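Biologist: Please take me closely through one part of this model, the surroundings of the ligand. I would like a connected account, and a few words on the rest of the chain once that part is clear.

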Amino acid sequence: MSTLSVIYALLFYAATALLVVGLAYRIKTYATTPTPLKIPTMPAPLTKSGAAFRVFKEVAFFESLFKSNRWIWIFAVLFHAGLALALSRHVRYFQADVWLVIKLIQPFGIYGGMAMVAGLLGLWARRVVQERIRYISGPSDHLMLALLVLIGISGLMMKYVAHTDIVQVKVFFLGLMRFNIQELPADGPLMVHLAAVATLMIVFPFSKLLHVPGVFFSPARNQVDDARDKRHLAAWAAPMDADREA
Ligand code: HEM
């Protein structure tokens with residue numbers, strides 16, 4: 001067993017643990033943060049199912065971005081839809097018997113990879129070219145984009161420039177899932193790809209990428225506009241309210 005395979009195996013165990021624990025902690029914090037006021041962005045839905053549909057439209061189509069900035073919306077959709085396709089293509093590395101839908105998605109996954117990188121470059125260009133946006137962009141904004149571009153380009157390099165042994169990559173990851181470390185091919189683009197992926201997993205719970213779970217908890221989007229029908233009371237305020245009533 002090569003030292004490199006062991007190092008990458010330990011790296012992926014650590015990255016997975018940090019990602020799972022970190023995300024669970026963040027989601028718990030979001031779910032238990034009091035929302036003392038009714039603040040849905042108007043016009044807002046009047047029913048719970050209406051509010052759920054509004055969140056769905058935001059997650060699936062980036063509705064508010066569509067209304068506010070068409071250029072960012074185009075690049076954001078290119079990136080996120082491309083990412084979804086590329087990631088679906090990757091499911092085969094983690095399944096001994098690959099599902100039919102994952103087999104069918106393979107050729108589209110490649111276009112997904114290209115769309116993902118194109119979208120990222122568009123979003124990045126905006127931060128560099130537009131002076132107002134450049135001024136409010138911090139190092140982490142650039143670093144997250146750089147990391148995702150690095151993952152995309154090293155992935156596409158394995159497809160078009162320097163192939164790696166994808167069967168052995170699969171053996172390695174199936175092995176990891178069974179706590180049985182196997183050999184990982186020591187190819188440059190694969191090493192870069194996987195090191196960048198592990199870095200992404202580690203920084204995810206501390207980064208702006210938390211908008212992924214966060215969008216579901218935005219009171220401006222998920223609240224029902226029923227303040228005129230029933231009194232809104234945050235859960236933590238209920239005991240105080242009961243005392244006052246008594
Ligand atoms: C442990 C997780 C991962 C493994 C084992 C992995 C492995 C690979 C391999 C072997 C390829 C080359 C495929 C080929 O030659 O046909 C590839 C391509 C690619 N990877 Fe990954 N990757 C991982 C995670 C990711 C993540 C998280 C992203 C995106 C954020 C990503 C984005 C891409 C892209 C865009 C391509 C090129 C298009 C494609 O072949 O699907 N990968 N990856």
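Modeller: Helix 7 is the best place to begin, as this helix gives the most to the shell around the ligand, contributing six residues. Everything I describe is read from a predicted model. The shell comprises 23 residues, and the closest to the ligand are Arg 89, His 90, Tyr 93, Phe 173 and His 193. Helix 7 spans 139-160, and besides helix 7 at least two shell residues each come from helix 4 (70-90), helix 5 (100-129), helix 8 (166-177) and helix 9 (188-203). Sorted by class, the shell holds 15 nonpolar residues, with five polar and three charged ones beside them.

The metal comes next. The iron atom of the ligand is coordinated at 2.0 Å by two histidines, His 90 and His 193, each through its NE2 atom. His 90 belongs to helix 4 and His 193 to helix 9, so this pair ties together parts of the chain that are 103 residues apart in sequence. Six donor atoms surround the iron atom, and the arrangement is octahedral because the angles they subtend run from 86 to 178 degrees. For comparison, the ideal angles for six octahedral donors are 90 or 180 degrees.

The same two histidines also come up among the polar contacts to the ligand. A polar side-chain atom of His 90 lies 2.7 Å from a ligand nitrogen atom, and for His 193 the corresponding distance, again to a nitrogen atom of the ligand, is 2.8 Å. Arg 89 approaches an oxygen atom of the ligand instead, with a polar side-chain atom at 2.7 Å.

As for the rest of the chain, the protein has twelve helices and zero strands, and its C-alpha trace spans about 70 × 45 × 40 Å along the principal axes. Apart from the ligand site, the second largest pocket deserves a look, with about 440 Å³ of space in it. Of the 20 residues that line this pocket, Thr 35, Lys 38, Asn 222, Gln 223 and His 232 lie nearest its centre. Helix 1 (3-32) and helix 11 (219-222) each supply at least two residues of this lining, with helix 1 giving the most, three residues. The lining of the second largest pocket is made up, by class, of nine nonpolar, six polar and five charged residues.

Two points of backbone geometry remain to be checked by eye. The peptide bond from Met 42 to Pro 43 is cis, with omega near -5 degrees, and Pro 43 sits in the loop between helix 1 and helix 2 (48-61). Phe 62 lies in the loop that follows, between helix 2 and helix 3 (63-68), and has a positive phi near 55 degrees although this residue is not glycine. As background, most peptide bonds are trans, and most residues other than glycine have a negative phi.

How values were computed. Residues numbered from 1 in each chain as written. Predicted model: local features only at pLDDT ≥ 70, side-chain atom pairs only at ≥ 80, totals over all residues. Heavy atoms only, no water. Near = heavy atom within 4 Å. Polar contact = N/O pair within 3.5 Å; in protein donor to acceptor, adjacent residues only side chain to side chain. Helix = DSSP H or I, 4+ residues; strand = E, 2+ residues; numbered from the N terminus. Nonpolar A, V, L, I, M, F, W, Y, C, P; charged D, E, K, R; others polar. 1 Å grid on protein atoms, 1.4 Å probe; cavity = no way out; pocket = protein on both sides within 12 Å on 5 of 7 lines; lining within 4 Å. Points joined across faces, edges and corners; volume = space filled by probe spheres on them. Donors = N, O, S within 2.8 Å, 3.2 Å for Na, K, Ca; no water. Tetrahedral: all angles 85-135°; square planar, octahedral: opposite > 155°, others 65-115°.
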